[in-house]
Amino acid sequence: MVTQRHRAYWKKNLQLTGGLLLLWFFVTFVIAWFARDLQFIHWLGFPLPFYVAAQGAPLLFVIIVWYYARTMDKLEQKYGVQEDEQ
């Protein structure tokens, strides 16, 4: 039986996931799309905006995964649904 506590947990889980997916979309597509307008800046023969996006995006993806894992651990403890450690 699904309790109010389970519904609250899933609501928070979906909000977190949706927010992080929006951030992922913004970093992956929006920044790269507008980087075309800034191609007049060059560094080491490459357009600087694409270089920064290529180097910064994977770093931000790792930060997103770390933040999700840390926040979900706290959320699972708060709602008492954490997995048993062996």
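Visitor: Which residues form a nonpolar patch on the surface, and with about how much accessible area together?

Guide: In this predicted model, the patch consists of Trp43, Leu44, Phe46, Tyr51 and Val52, which together have about 550 Å² of accessible area.

Visitor: Why is Leu44 called exposed?

Guide: The relative accessibility of Leu44 is 66%, and the term exposed is kept for values over 50%, so Leu44 counts as exposed. As for its place in the chain, Leu44 sits in the loop that lies between β1 (42-43) and β2 (46-47).

Visitor: What makes up the largest nonpolar core, and which helices supply it with at least two residues each?

Guide: The largest nonpolar core has 7 residues, namely Tyr9, Leu16, Leu20, Ile64, Met72, Leu75 and Tyr79; the name nonpolar core applies because such residues are buried and joined through side-chain atoms within 4.5 Å. Both α1 (4-35) and α2 (48-79) supply at least two residues of this core, and α2 gives the most, with 4 residues.

Visitor: Which residues does Leu75 touch, beyond those up to four places away in sequence?

Guide: With those neighbours not counted, Leu75 touches Tyr9, Lys12 and Asn13, and of these Tyr9 is itself listed in the core.

Visitor: How do you know that Glu76 has no salt bridge?

Guide: A salt bridge requires a side-chain nitrogen of Lys or Arg within 4 Å of a carboxyl oxygen, whereas the nearest side chain of opposite charge to Glu76, that of Arg5, is 12 Å away, so Glu76 has none although it is buried. Glu76 lies in helix α2, and, leaving aside neighbours within four places in sequence, Glu76 is in contact with Tyr9, Val81 and Gln82.

Notes
Residues are numbered from 1 along each chain as its sequence is written. This is a predicted model: local features need pLDDT of at least 70, side-chain atom pairs count only at pLDDT 80 or more; totals for chains, interfaces and linings use all residues. Side-chain values use heavy atoms; hydrogens and water are left out. Buried means under 20% relative accessible area, exposed over 50%, partly exposed in between (1.4 Å probe, protein chains only). Contact means heavy atoms within 4.5 Å. Patches are made of residues with over 30% relative accessible area and no salt bridge: like charges are joined within 9 Å, nonpolar side chains (Val, Leu, Ile, Met, Phe, Trp, Tyr) within 5 Å. Accessible areas come from the Shrake-Rupley method with a 1.4 Å probe; for residues, only the protein chains shown count as cover. Lys and Arg count as positive and Asp and Glu as negative; His and the chain ends are not counted.
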